[in-house]
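Hi everyone, thanks for making time for this. I'd like to walk you through one structure, a few spots at a time, so please have a look at it on the screen.

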Amino acid sequence: MTVPPVELDDLADPAAGFPQATREQWRTLAAEVLRRSGWDGSPDEAEAALTTMTYDGVAVAALYDAADLPAAPRTTRAPGPWDVRQRHADPDPAATREAIHADLENGVTSLWLDLNAIDPAALPAVLDGVLLDLAPVVLDAGPRTAEAAETFLRLIEGMAGGTAPPGGNLGADPIGLAARTGATVDTGATVDTGAAVALARRCAADHPGLRAITVDALPYHDAGGADAEELGCSVATGVAYLRALTGAGLTAEQAFGQLEFRYAATADQFLTIAKLRAARRLWARVAEVTGVAGEPGRQLQHAVTSSAMMTVRDPWVNMLRTTVACFAAGVGGADAVTVQPFDACLGLPDAFARRIARNTQSLLVEEANVARVADPAGGSWYVERLTDDLASRAWEWFREIERAGGMAAALERLVPERLAATRARRADNLAHRRDPITGVSEFPDLKERPVSRRPGPGLAVTSGGVSGGGLPVMRYAEEFEALRDLADAQPSRPTVFLATIGPVAAHTARATFAANLFAAGGVTTVTSGPGTDPAAIAAAFRDCGTPVACLCSSDRLYGEHAAAVAAALREAGARKVWLAGKGEYEGVDATLYAGCDALGVLRATFDDLGVDR
């Protein structure tokens with residue numbers, strides 16, 4: 001077959017020859033689909049019906065076009081591999097040293113040492129054999145920052161050349177420490193930045209490749225905060241440090257060069273991409289205002305896969321969560337990325353989990369080539385709009401913090417109250433499974449084999465401890481997992497009887513829904529089998545030996561049989577009768593449906609079953 005020649009002009013417009021699609025046509029088609037689910041609105045209302053809101057109040061639409069593209073400038077990281085940064089928190093120096101060498105020999109390019117768990121005095125032993133002139137080290141020592149920094153600087157200064165490689169950080173973060181623990185050096189809302197400033201001056205003078213200060217935004221994320229709230233707190237903290245540093249004699253460029261920002265990366269791919277892009281834009285605005293242009297004012301970003309999203313139950317799913325988060329962090333332009341091992345919720349990760357964590361990054365960098373393109377999400381109407389909206393909300397929040405007297409003062413009341421409100425909304429969505437957690441609140445596996453690890457601070461999160469205060473720490477799955485633990489601790493597993501009315505086709509969907517909901521709390525279910533005879537269903541219920549039942553069938557069969565079956569179950573000793581679906585029927589106590597309070601249902605079920613909570 002002869003293929004006719006193709007002129008380049010023929011490829012200029014791939015849509016040439018096709019009818020032009022319009023937004024109005026899309027709305028009409030979308031409205032037709034929505035009406036099949038019972039929605040009753042006009043095509044002009046279809047777009048709003050499909051729009052969702054983030055916890056910051058940013059609208060996420062179902063459709064974007066060129067009209068949504070903002071005019072704001074893009075701030076990007078140069079293409080090239082990001083820094084693969086592995087965290088270590090094993091208090092055993094020998095075990096940590098062995099894990100560090102395994103990491104550095106297999107793709108890790110920098111180290112993050114949790115010196116809240118590892119004794120700072122053990123740094124020489126922990127880093128024995130590590131080429132500190134090649135492998136950047138980031139410290140995280142909380143209240144022992146000065147001690148840890150001094151020990152580390154002595155190690156560096158004892159090397160040939162006596163300078164650290166670019167990328168390391170001493171981890172001073174007095175405002176972050178106050179957020180984590182409630183501890184302040186002075187009274188009131190004053191945070192002492194003197195030690196951090198002294199370290200920054202020393203780094204600027206003697207170790208130009210080493211930074212002294214980490215602006216850690218993880219405490220605000222771990223407290224249940226939203227993305228713009230995390231961003232606004234980080235910018236306010238960074239500005240507070242700039243003031244302290246320049247007030248102590250550093251130039252503005254030197255002050256910018258002493259800061260590194262740490263953000264959470266979640267399994268919400270696009271929000272993570274937009275958050276990191278928005279963070280650079282916000283910090284570029286701060287640099288512009290302070291007269292620092294170009295590379296010296298660029299924000300250095302360290303992205304860490306979220307501790308809040310990790311689960312104890314079905315921890316293998318955490319591999320999927322962290323892979324998506326790592327991809328989003330790389331696409332979003334993070335300079336360094338830490339992937340938390342899938343078993344981090346369970347204690348100290350084992351060698352296999354650390355290997356998977358570092359290889360996740362190696363695959364994305366080396367095989368998927370994610371790092372070869374600068375700002376790969378740039379130009380997307382959706383991502384650009386989301387970035388712009390997120391940056392605007394974060395800037396408003398930053399200005400509110402500034403009006404309250406700055407970040408240190410805002411930690412007294414403004415920040416905790418704002419985060420508490422967001423945390424409450426998030427908790428409500430989790431309880432109602434509007435924010436589903438795979439393997440926990442959705443598709444739980446009651447037969448999963450438990451995974452155990454050595455005790456230790458596996459997650460990159462520090463709760464209040466120095467003074468017993470600080471922002472609370474939230475993990476999204478913890479309330480469901482607490483019920484699972486309670487169910488597992490019973491002599492026999494709590495059970496609910498599913499009264500499946502009618503043929504299999506009539507009850508399968510609702511029986512599956514009910515079984516999954518109860519399983520989210522560790523409650524197993526037993527079904528009656530197909531049929532509509534109330535006496536037969538009641539007999540099966542008596543054999544099951546549980547006082548709680550749930551009717552499962554179609555709306556039509558509920559109308560015909562629900563009341564009779566409920567009465568028979570009551571006669572057989574049922575203490576509580578649920579119904580999967582909506583509607584009021586005689587003898588039914590309450591209903592289960594998509595969006596119902598699943599945690600409330602589970603707690604009530606435990607009470608009905610006589611389980612002491």
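Let me start with a puzzle: leaving aside its neighbours within four places in sequence, which residues is D389 in contact with? Before I answer, please keep in mind that this is a predicted model. The residues in question are V58 and A59. D389 itself sits in helix α14, which runs over residues 381-403. In sequence, D389 and V60 are 329 residues apart, yet from C-alpha to C-alpha the two are 9.8 Å apart in space. And is D389 buried or exposed? Neither, in fact: D389 is partly exposed, because its relative accessible area is 22%, and buried would need a value under 20%.

Now let's move to helix α3, residues 93-104. With 12 residues, α3 reaches 16 Å from its first C-alpha to its last, close to the 16 Å expected at 1.5 Å a residue. At the start of α3, there is a nice detail to zoom in on: a side-chain oxygen of D92 comes to within 3.1 Å of the backbone nitrogen of A94.

Which residues of α3 are buried? They are T96, A99, I100 and D103. Looking down the axis of α3, you find these buried residues within an arc of 105 degrees, so they line one face of the helix. That fits the usual rule: an α-helix has 3.6 residues a turn, so residues three or four places apart point the same way. The cover over the buried residues of α3 includes the strands β3 (83-88) and β4 (110-114), along with the helices α4 (123-126) and α13 (351-367).

Next, the empty space. The largest pocket has a volume of about 840 Å³. Its lining is made up of 27 residues, and those nearest the centre are Y55, T266, D268, R426 and D435. Where does the largest share of that lining come from? From α16, which supplies 4 residues. At least two residues each come from β1 (52-53), α12 (317-332) and α16 (414-431).

α12 turns up again when we look at the cavities. There are 2 cavities of 30 Å³ or more in the structure, and the largest cavity has a volume of about 70 Å³. Around the largest cavity are 15 lining residues, with R77, G330, G333, V373 and D375 nearest its centre. Here α12 gives the most to the lining, with 3 residues.

That's my tour; happy to take questions.

How values were computed
Residues numbered from 1 in each chain as written. Predicted model: local features only at pLDDT ≥ 70, side-chain atom pairs only at ≥ 80, totals over all residues. Heavy atoms only, no water. Expected span 1.5 Å × (residues − 1). Buried < 20%, exposed > 50% of the residue type's maximum accessible area, 1.4 Å probe, protein only. Arc of directions from axis to C-beta. Contact = heavy atoms within 4.5 Å. Polar contact = N/O pair within 3.5 Å; in protein donor to acceptor, adjacent residues only side chain to side chain. 1 Å grid on protein atoms, 1.4 Å probe; cavity = no way out; pocket = protein on both sides within 12 Å on 5 of 7 lines; lining within 4 Å. Points joined across faces, edges and corners; volume = space filled by probe spheres on them.
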